[in-house]
Each structure stands twice: as C-alpha cells, then as structure tokens.
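Let's take a friendly walk through this structure together. Keep the view open and turn it as you read.

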There are 4 protein chains.
Amino acid sequence: MSQPTATLLISCPDSPGLVAKIANFIYANGGNIIHAEQHTDFATSLFLIRIEWQLQGFNLPREAINTAFSAIAKPLQATWQLHFSDTLPKIAIWVTKQEHCLLDLLWRNQTKELPGIISVMISNHSNLEAIARQFGIDFYHLPITKENKAEQEAKQLELLHFHEIDLVILAKYMQILSPKLVEEFPNIINIHHSFLPAFPGAKPYHRAHARGVKIIGATAHYVTEDLDEGPIIEQEVARVNHQDTIADLIRKGRDLERLVLSRAVRLHLQHKVLVYDNKTVVFS
Amino acid sequence: MSQPTATLLISCPDSPGLVAKIANFIYANGGNIIHAEQHTDFATSLFLIRIEWQLQGFNLPREAINTAFSAIAKPLQATWQLHFSDTLPKIAIWVTKQEHCLLDLLWRNQTKELPGIISVMISNHSNLEAIARQFGIDFYHLPITKENKAEQEAKQLELLHFHEIDLVILAKYMQILSPKLVEEFPNIINIHHSFLPAFPGAKPYHRAHARGVKIIGATAHYVTEDLDEGPIIEQEVARVNHQDTIADLIRKGRDLERLVLSRAVRLHLQHKVLVYDNKTVVFS
Amino acid sequence: MSQPTATLLISCPDSPGLVAKIANFIYANGGNIIHAEQHTDFATSLFLIRIEWQLQGFNLPREAINTAFSAIAKPLQATWQLHFSDTLPKIAIWVTKQEHCLLDLLWRNQTKELPGIISVMISNHSNLEAIARQFGIDFYHLPITKENKAEQEAKQLELLHFHEIDLVILAKYMQILSPKLVEEFPNIINIHHSFLPAFPGAKPYHRAHARGVKIIGATAHYVTEDLDEGPIIEQEVARVNHQDTIADLIRKGRDLERLVLSRAVRLHLQHKVLVYDNKTVVFS
Amino acid sequence: MSQPTATLLISCPDSPGLVAKIANFIYANGGNIIHAEQHTDFATSLFLIRIEWQLQGFNLPREAINTAFSAIAKPLQATWQLHFSDTLPKIAIWVTKQEHCLLDLLWRNQTKELPGIISVMISNHSNLEAIARQFGIDFYHLPITKENKAEQEAKQLELLHFHEIDLVILAKYMQILSPKLVEEFPNIINIHHSFLPAFPGAKPYHRAHARGVKIIGATAHYVTEDLDEGPIIEQEVARVNHQDTIADLIRKGRDLERLVLSRAVRLHLQHKVLVYDNKTVVFS
C-alpha cells in the first residue's frame with residue numbers, strides 16, 4: 001500500500017454506536033477503510049480504535065479533517081490522534097557508547113522498514129560521532145555530570161524543538177531522564193536491557209546469571225516519570241543455559257535489544273500503538 | 001464476558017462504506033459492538049470482517065437477524081455466518097489409537113476452554129472406548145478396510161447427521177477421508193504431525209530425524225479434498241538437536257500436536273476463523 | 001536405549017585429569033560410556049560432570065560401584081550421586097484444588113515419558129481424590145490451618161518416609177512449606193505460576209495484566225527455604241496481548257505450567273540436573 | 001576464557017574406552033580440559049566428541065599435537081580436526097545485491113562475536129563494493145553468466161587459494177555453485193531463505209504467503225552438491241499472520257536470515273559443529 005492513507009487513533013468511554021459513527025464519518029466523506037480494529041477494555045469501560053483509510057477519493061482536505069472529526073468526537077468525549085502515512089515523523093536518537101541498537105535503527109531506516117527521518121543524534125559521549133557523520137545526521141555531544149544535568153537537559157529540549165523532533169529513541173542512552181524533561185517531551189521510546197519487571201535496575205545480566213535463569217529478555221517501553229515503569233510496547237526473550245557466561249548473556253541481550261527496539265519503533269511509526277492506563281493497545 | 005453475544009463473519013468484494021453499513025445495522029438495532037476487526041486482501045479485492053456485539057438490548061430477535069442482515073448483505077454480494085456465543089456447537093472427535101490429542105480436548109472442554117458439546121467419538125479401533133465411557137460420550141467403533149471404506153464412511157456421515165454434529169475434529173485419526181465425505185461434511189479440523197509443507201506424507205518424524213533438522217512443528221488445518229493442503233489455522237514449533245532420538249521427536253511432537261490442535265479448535269469455536277482462497281484469516 | 005545404564009553426577013574442585021580419571025574408572029571396569037558432558041564454572045573453579053554408561057558388560061556389581069568409586073572421588077574432594085536407569089524413583093504429588101499439572105504428570109507417567117512410580121498424592125483439599133482413585137494412587141487429605149500446620153507437616157514427612165518417597169512434586173500445592181520440612185526432605189520440585197523473578201508473590205497474572213506485559217512465563221525450580229528463590233530447572237514463556245483478559249492469562253499460564261513442570265520433572269528423573277551455588281547445570 | 005585453547009573434534013566407530021583414551025592423552029601431556037561433550041549415534045555406531053583444553057601448561061608444542069594424537073587415533077580408525085582458539089580462520093563472504101546478512105556479519109566480526117578475519121568479498125554485482133571499502137576488505141566483482149560460469153568459478157577458487165581462505169560464507173549469494181567448486185572447496189556455509197525443506201526453490205516467501213502459513217523460517221547449512229540439502233547447522237522461525245504481505249514476510253525473513261546465518265557461523269568458528277551422515281552434531 002504505497003498510496004497515502006490517514007489513520008485515526010481514538011479512545012473514548014464505551015457506548016453503543018461508536019464504530020458506526022466513526023465509520024460513517026469516513027464513508028460520508030468518500031474514504032475507503034483499509035484497516036479497522038477496535039478494543040474495549042471492560043474493566044474501565046474504555047473504547048479504543050485504530051482506523052485507517054485511503055486518502056485518494058477522500059473529499060475532505062487534510063487540514064480540515066481534525067475540525068470535521070471534532071464534531072463527531074466532542075459528544076463522545078473522545079481523544080484522538082490523526083496521522084498521514086506520507087508525513088514522516090522526525091526522529092532523534094540518543095545514545096551513550098554502545099552502537100548495536102543505533103546501527104540497527106539506521107540500517108532499518110535506510111531500507112524503509114522504519115518510516116521516519118532520523119535527523120539528530122545526541123550523546124553524552126563522542127565515540128559514535130563518526131557513525132552520525134557517515135549517515136549524514138547532526139550529532140550533538142552533551143556530556144552529563146551531576147552538576148550540569150539540568151542545564152544539558154535544557155539544551156536537549158532546545159534541540160528537540162529546534163529540529164522539530166516528533167520522537168526520541170533512547171538507543172542504549174544510559175542516563176536517567178528527569179521528570180521535567182519527560183513531562184515536556186513525552187514521546188520517548190526506551191529499550192530496557194532486561195525482561196521487565198525482572199531484574200530492574202543495574203547490571204541485570206550479572207544478576208540473571210547469578211540467579212541461573214534459563215530465559216533472558218528485553219523490553220521496549222514509553223518513558224514515563226517512573227523509571228522503567230512506562231507502558232510496554234514490545235518484549236522478546238531468548239534461551240540461555242549454564243554454559244552461557246555473563247558475556248554470552250550480554251551478547252544475546254544485544255540481539256534481543258536490537259530486535260525489540262526496532263519492532264517497537266516500527267509499531268509506533270505505523271501509528272499502531274495506543275496508550276491508556278499505563279498500558280498499550282498494539283493494533284497488529 | 002459471560003453475557004451472550006452474536007458474531008457475524010462476513011466476506012464480500014471490497015468497496016467504500018462496508019464498515020459503516022455493517023456497524024450501522026448493529027447500531028440501528030441497539031447492539032453494542034465489543035469486537036470488530038477487518039482485513040482487506042488487496043490482491044483479490046476481498047473485504048473480510050468479524051463483528052461481535054452484545055445481545056442484551058439488541059432489538060431484533062435472534063431468529064430475525066439473518067433475514068434482516070440479508071437486506072444489507074445482498075447488495076454487497078456478501079457471504080456471512082451468524083453465531084451466538086451461548087449456542088454450543090456439537091462436536092464429534094475421530095481417533096485411531098493415540099490418545100494424547102483426545103485427552104487434551106476432553107480436559108479443555110471440561111475446563112470450559114473449548115466451548116462446545118463433545119457428544120460423539122468415532123474410531124477405527126476400539127482401544128479408546130473406555131475413555132469415551134469415562135467422559136459419557138457415545139463411542140462408535142467403525143473399523144476401516146479397503147473393502148468397507150465407502151460403506152463405513154456412509155455410516156460416519158449418518159452418525160454426524162443423526163447427532164446433528166457441527167464440527168468434526170480428527171484427533172490423530174489415521175485414515176484418509178474420501179473427497180465425497182469431505183464434500184458432504186466440510187467442517188473438519190485435522191492435526192498434521194509435521195510442520196506443513198515440510199515432510200508431507202508418511203513417517204515425518206523419521207524423515208526429520210534423518211535430515212537432522214533443528215526445529216520440528218505441527219499444523220492444524222481444515223480438511224479439503226487435497227490431503228494435507230487445506231487452509232492452515234495454527235502452527236507451532238519446538239527445538240530439537242542431535243541428542244533427540246526419533247522417539248524424542250515423537251514425544252515432543254505429541255506436545256506440539258496437543259497444543260496446536262486445541263488452539264485451532266478454540267479459535268474455530270470462538271468464530272474467529274474465516275476461510276477464503278484456501279487460506280484463513282484468524283481474528284485474534 | 002532400553003538396556004540398563006548407570007549415571008554418575010559428580011562435582012569437585014577443578015584440576016587437570018578429572019575427565020581422564022573418571023573415564024578410566026569406567027573403562028577399567030569394562031563399561032561403555034554412552035553420554036558424557038562436563039561443565040566448568042570458572043568463577044568458583046568447580047568441575048561438574050554427568051557420565052552415563054551401559055551396565056551390560058560392566059564388571060563391578062551395582063552395590064560395589066559406590067565403594068569402588070569413592071577411591072577415585074575422595075582424593076578429588078568430589079561429591080557424587082549414582083543412579084541406575086531401571087531403578088524407578090518413588091514420587092509423591094502434592095496438590096491443592098487445581099488439576100491441570102496433576103493430570104499432565106499422570107498422563108506422561110502412563111506413557112513412560114516420566115520414568116518413576118507415582119505412589120502417593122497429598123492434598124490440603126479433597127476434590128482431587130477421585131483422580132487418585134482412578135489412577136490407583138494412595139490419597140491423603142491433610143487440610144492445613146495456621147494451628148495444625150506443624151502437626152500436618154510432621155504427618156506429611158511421616159508419609160514420605162513410610163512410602164519411601166524419593167521426589168515430591170508440588171503440582172500447584174498452594175501452601176508454603178516450612179523451612180524444617182524442606183531441610184528434612186530436600187528433594188522437592190515446584191512450579192511457580194510466573195516468570196521468576198517477575199511478579200513474585202500473590203496474584204501474578206493479575207499484576208502482569210495490570211502491567212500490560214506482552215509475554216508471560218512459568219518457572220520450575222527446586223524448593224529451598226527461600227520462597228521461590230530455589231535453583232531454576234526450566235522456564236517457558238507465551239505471548240499475550242491487550243485482548244487477553246486475566247482469565248486468558250490464567251488459561252495460557254496453565255499450559256505453560258503443565259509444560260514446564262513436566263519438562264523439569266523429566267530432566268530430574270533422567271538425572272540430568274546438578275545443583276550448585278543455588279543454580280542448576282542441566283545436561284541436555 | 002581469553003587464554004588460548006586447543007580443540008579436538010573427533011569421530012570414530014564406537015567402542016569402550018574412547019573417552020578414557022582421549023582424556024588420558026590430554027592429561028598425560030599436562031592439559032586441563034575445559035569442555036568435553038560426546039555423542040553416540042547408536043544407529044550407525046558412531047562416536048563423536050568435542051574436547052577443548054587449555055594450552056597453558058600443555059607439554060606438547062602445537063605442531064607436535066597432530067602427530068602425537070595420531071598414535072591414539074589410528075587404532076581407533078578416528079578422523080579428527082585440531083583447532084587453536086587464537087588461530088583466526090580467514091573468511092570470504094560472497095554476496096549478490098542484498099546487504100542485510102553481510103552487514104550483520106561485518107558488525108559481529110568487529111564486536112568480536114565472530115572470531116575470524118574477513119579478508120575477501122566476492123560478488124556477481126558491484127553495488128556492495130562501497131561497504132567492502134569501508135571495512136577495508138578486498139572486493140572482487142565477478143559477474144556470472146551461463147557462458148562464463150566455469151571460468152568465473154575457476155577465478156573464485158584461485159582467489160580462495162591465493163588469500164588462503166578457510167571458510168566461505170554465502171551471505172545471500174544468489175548463484176548456484178557447481179558441484180566441482182563445492183568438491184574443491186567444501187567449507188561453505190549458506191543461508192536459505194526458507195524453513196527447509198518447506199518451499200525449496202524459487203520465491204519461497206511468495207509461496208508461503210499463498211499457502212497462508214502461520215510461521216516462516218530460515219535455515220543455515222553447509223553447502224553440498226545437492227542444492228539446499230546439505231547438513232543443517234541452525235534454524236529459526238517467526239510468526240506471521242494474514243495481515244502480513246509478501247513484503248512483510250521478506251522483511252521478517254531478513255531478520256531470520258541475519259540471526260540464523262550469524263549463529264551458524266559463530267558455531268562453526270568456535271569449532272562446535274561436527275558433520276557426519278549429512279547431519280550435524282552441534283556441541284553447545
């Protein structure tokens with residue numbers, strides 16, 4: 001499907017007629033729905049839906065859709081996002097010293113697996129600058145110390161705004177973000193080097209090895225104020241055994257981290273993830 | 001969700017307004033949709049949807065729904081199935097000598113994992129009759145030889161009709177069904193002791209062992225005239241290695257077969273499977 | 001391999017010549033090794049080996065092997081276990097109300113997947129007694145209250161000794177064992193209804209659901225004084241998504257628990273598990 | 001374990017005393033075994049073993065080991081390979097146009113996951129030459145036509161000999177090798193874009209999509225004269241569903257191919273794979 005599409009991600013209190021009302025809005029304006037999937041959370045009586053339709057033949061101009069849809073959405077007390085498949089989001093990747101997730105994201109972006117424009121790299125170290133240069137990406141070296149953290153985060157936010165960044169990917173960025181930063185820029189995906197909530201905190205592979213686990217994992221999640229407690233987007237696991245050293249666990253973990261982070265970013269960029277109640281609905 | 005629901009499984013040529021028309025039908029009659037998922041096959045321009053709504057508050061009596069919906073469906077050239085969650089289908093399990101799939105289905109049925117009424121067992125051997133008796137199921141011993149096959153299949157069909165069977169599960173039934181039988185009773189799920197299409201035919205585990213594969217699998221599919229070529233519902237795999245003997249492969253295969261068959265049957269009984277073009281859409 | 005074999009599970013401080021010395025012992029007595037696998041834990045300089053040989057043609061009578069081997073083992077400061085494949089261990093299964101793990105163990109024992117004699121069932125409830133009777137197993141109903149716990153555990157220990165039990169399987173036995181009981185009878189395998197160490201403690205599926213995890217798991221481990229912290233034998237996971245209710249998680253969890261517990265028990269009964277440092281080496 | 005080790009991969013007819021004789025050889029010369037694992041194929045009465053020991057303290061000079069060991073091996077009719085962990089094999093990667101496997105191998109080689117020296121790239125196209133240059137690898141562009149195939153293969157063999165290549169990795173090299181080439185250079189690992197033996201031949205993803213499979217896979221194997229029928233080293237699978245287009249299958253297939261090929265190459269480079277009877281024993 002290389003023709004442009006529009007996608008609505010909607011959530012509202014459950015009531016009869018929601019699918020009909022939303023589908024009618026698109027049909028009445030000449031749109032052909034190519035993907036519709038809904039979920040009802042009965043515990044909270046919340047209705048969530050992803051609906052995608054072809055823009056070709058749609059009678060409303062793009063800039064008029066939000067206003068037109070609000071006439072439907074307001075009475076339903078709905079919140080919604082509207083996305084166009086040919087509007088590529090601008091992405092900043094934040095790294096520290098490790099390159100495996102970074103390289104994977106860059107390669108997948110080049111092969112069009114990840115539809116977005118990676119325009120900025122920010123790191124608290126400088127060793128990955130050559131990769132940024134090779135891929136033609138602006139690189140900012142912002143070392144973090146206890147003393148300068150607030151100041152550097154202000155610069156980070158400034159860069160995000162200056163470059164009109166839509167999404168930050170923490171690709172093994174080993175600094176904790178302050179609540180203030182997360183509040184001001186909430187669109188951040190992180191990869192956690194462990195199978196959350198197992199072994200949260202430092203040195204998870206060392207602890208998994210000491211515990212003699214038979215399976216390790218990785219978790220990609222949105223960043224919230226509560227460290228490692230944000231909505232989970234994707235997880236994956238791998239088998240390990242007594243022959244695996246800590247170095248082997250770290251090696252297998254790199255593969256998990258690469259896969260899980262790129263899957264989560266792809267789902268986000270395809271507008272398939274809806275967050276509610278510190279959880280995600282992944283329409284896929 | 002223990003309240004009764006109705007489910008429509010619909011397929012028709014793709015055109016704008018399908019979701020709206022179908023959702024409107026349910027909304028106009030006071031129904032609250034709790035699950036809606038659609039799929040468009042662009043290669044064949046086919047639209048497929050599963051839509052489930054609560055019967056409580058629905059204004060149409062159950063027996064009137066088909067007629068009422070046909071007014072919508074006819075102009076769309078749609079074919080559809082209508083199911084009610086509290087109408088339990090009647091199931092016949094066909095076996096030969098192996099019990100692992102049978103026992104798993106019976107146990108899952110008892111624990112309400114498989115919503116249906118297992119009322120009949122048919123076997124070409126008699127060794128599993130005691131299990132039928134233990135679970136209070138009618139058991140029919142119909143041995144098959146080259147000479148009596150047509151005659152016995154006629155009896156099988158008679159039994160299916162007499163007991164008003166909706167679904168036949170081949171739980172390691174080691175006889176090939178004639179095209180005639182499949183034509184007259186098309187609702188049959190089979191478990192194939194291999195990862196189709198790898199190693200079709202006889203002794204797949206022996207051949208997988210000789211080949212030194214590192215993964216084995218099992219496949220559950222609807223039965224069609226083409227042996228082992230019917231629409232695939234579910235598949236699963238397991239790792240093996242050089243230490244696994246043929247007996248180990250068969251043992252691991254039993255676990256795969258149990259899991260895959262019960263998952264496929266559950267999906268079918270929840271009306272989540274739509275067949276088209278010798279393939280399935282599994283809404284889950 | 002249906003001919004009887006002997007298996008030595010040995011651990012000792014690492015030093016040169018260990019494999020040679022142990023293999024020479026078997027060779028010198030006319031034994032043919034059919035499985036040998038060793039592991040060295042370099043962090044603790046510990047050598048661990050599993051060695052299995054055919055008893056046919058072995059010159060030492062069974063009852064003389066331990067004494068003869070001690071001449072080799074003593075200078076190496078080795079600890080070891082000696083097992084014969086045709087000496088079936090006696091097993092007690094402890095349950096509460098849930099039957100899924102119990103039925104799976106019984107069925108696998110019948111099909112010879114689990115080489116042992118299940119001779120006793122102990123439960124703090126009585127609802128599974130009929131199953132015990134059906135399989136010809138002695139059933140003891142020992143209800144547990146705060147007041148009678150010490151007394152009932154004394155009876156449990158008495159039963160284990162009276163029936164000469166070698167292994168206790170906690171197949172969803174929902175009572176915590178006292179440290180005293182574990183100390184007196186250390187051969188206990190438990191299935192934990194969660195992917196340890198994620199969500200330890202009560203209601204793991206409810207907590208996993210609230211957290212919105214994408215993967216759930218189960219863990220089989222030896223029981224130690226530290227609740228749920230004993231050496232892990234086996235783990236397995238399954239994918240879940242936002243459509244899965246808590247009931248679905250529990251249902252998928254049952255399949256995980258059945259599989260993981262039976263795999264762990266099989267590994268134990270084949271003498272493939274060696275415990276050290278609160279971890280396991282699984283030779284397989 | 002960064003200290004240098006020696007590894008023997010041995011196969012011979014089964015007989016009593018093999019482990020003892022081999023372990024004695026190492027012990028008698030002062031070696032400390034750090035890994036020993038054996039496998040007996042009872043169907044063919046073949047004994048196979050991998051044994052690895054520390055070279056530090058070993059009394060025999062490296063160049064004398066083969067001769068010394070042949071005194072043990074000859075009477076046993078054994079064939080064996082001797083490898084040293086610090087002797088890095090020289091690797092040639094053959095590609096066509098696709099880069100995903102190539103980049104993965106190069107990156108893993110840089111991070112020391114794949115212990116070898118990638119010194120040559122050969123391609124029948126020129127589009128990946130820039131990558132070779134970036135990594136400082138000699139690149140040879142040898143286009144293949146029906147007419148020049150024999151001639152180009154002669155050049156390929158010449159290059160392998162000139163660069164003293166130990167291992168060829170076909171990283172999506174889309175040309176069939178002639179039996180002559182395989183005979184003259186038998187150390188070749190290939191990645192097959194399918195889960196062998198399912199969908200052998202052309203366009204496997206298109207055929208898997210048409211078949212509606214729920215799982216796809218990839219297979220890494222040694223190359224033999226029989227196309228795609230060589231000994232399997234490693235396999236992996238991924239779930240797909242009706243929403244996955246052919247492009248999605250190809251995308252998911254790329255991840256499988258990258259993972260499976262790199263795992264197989266790593267196992268080979270660690271001397272953990274022994275081939276016999278068109279199968280592999282993978283000691284891991």
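A good place to start is D:His271, which sits in the loop between helix 8 (246-269) and strand 12 (273-276) of chain D. Bear in mind that this is a predicted model. The backbone at D:His271 deserves a look: its phi is near 60 degrees, a positive value in a residue other than glycine. Most residues other than glycine have a negative phi. Is D:His271 buried or exposed? D:His271 is buried, because 21 other C-beta atoms lie within 10 Å, and 20 or more are enough for that label.

Chain D offers a second residue of this kind. D:Ser45 is not a glycine either, yet it has a positive phi of about 50 degrees. You will find D:Ser45 in the loop between strand 2 (32-41) and strand 3 (46-54) of chain D. Its surroundings can be judged by the count of other C-beta atoms within 10 Å, which is 10 for D:Ser45, so this residue is exposed; the cut-off for that label is 12 or fewer.

Now move to chain C and look at the helix there. Helix 8 of chain C, residues 246-269, has 24 residues and spans 34 Å from its first C-alpha to its last, close to the 34 Å expected at 1.5 Å a residue. After helix 8 of chain C comes C:His271, with a positive phi near 60 degrees.

How does chain C relate to chain A? A turn of 180 degrees with a shift of 0.0 Å along the axis lays chain C on chain A with an RMSD of 0.0 Å. That is the relation of a two-fold axis. To find the axis from chain C, go to C:Ala198, whose C-alpha is the nearest to it in that chain, at 2.2 Å. The two copies meet through the same surface, because 100% of the interface residues of chain C are also interface residues in chain A.

The contact between chains C and A takes 23 residues from each of them. On the side of chain C, the elements that give two or more residues are strand 10 (215-222), strand 11 (232-239) and strand 13 (279-282). By class, that side of chain C has 11 nonpolar, 8 polar and 4 charged residues.

Chain A also touches chain D, and here the contact takes 6 residues from chain A and 6 residues from chain D. Helix 3 (100-110) and helix 8 (246-269) of chain A each supply at least two residues of the chain A side. Which of the elements gives the largest share of that side? Helix 8 of chain A does, with 3 residues. The side of chain A that touches chain D has 3 nonpolar, no polar and 3 charged residues.

Within chain A, there are two domains to pick out: domain 1 (5-84) and domain 2 (90-282). Their C-alpha centres lie 31 Å apart. The contact between them takes 9 residues from domain 1 of chain A and 6 residues from domain 2 of chain A. Strand 1 (5-13) and strand 3 (46-54) of chain A are the elements that give two or more residues to the domain 1 side. That side of domain 1 has 3 nonpolar, 5 polar and 1 charged residues.

Let's finish inside, with the largest nonpolar core, which has 312 residues. The residues with the most contacts inside this core are A:Ala171, B:Ala171, C:Ala171 and D:Ala171. Leaving aside residues up to four places away in sequence, the residues that D:Ala171 touches include D:Trp94, D:Cys101, D:Leu105, D:Ile191 and D:Leu261.

Terms used
Residues are numbered from 1 along each chain as its sequence is written. Chains are lettered from A and ligands numbered from 1 in the order in which they are written. This is a predicted model: local features need pLDDT of at least 70, side-chain atom pairs count only at pLDDT 80 or more; totals for chains, interfaces and linings use all residues. Copies are superposed by least squares on the C-alpha atoms of residues with pLDDT of at least 70 in both. Two residues are in contact if their C-beta atoms, placed from the backbone, lie within 7 Å. A nonpolar core is a set of buried Ala, Val, Leu, Ile, Met, Phe, Trp, Tyr and Cys residues joined through C-beta atoms within 7 Å. Helices (H or I, at least four residues) and strands (E, at least two) are DSSP runs, numbered from the N terminus. Ala, Val, Leu, Ile, Met, Phe, Trp, Tyr, Cys and Pro count as nonpolar, Asp, Glu, Lys and Arg as charged, and the others, Gly among them, as polar. The expected span of a helix is 1.5 Å times one less than its number of residues. Domain bounds come from an automatic or database domain assignment.
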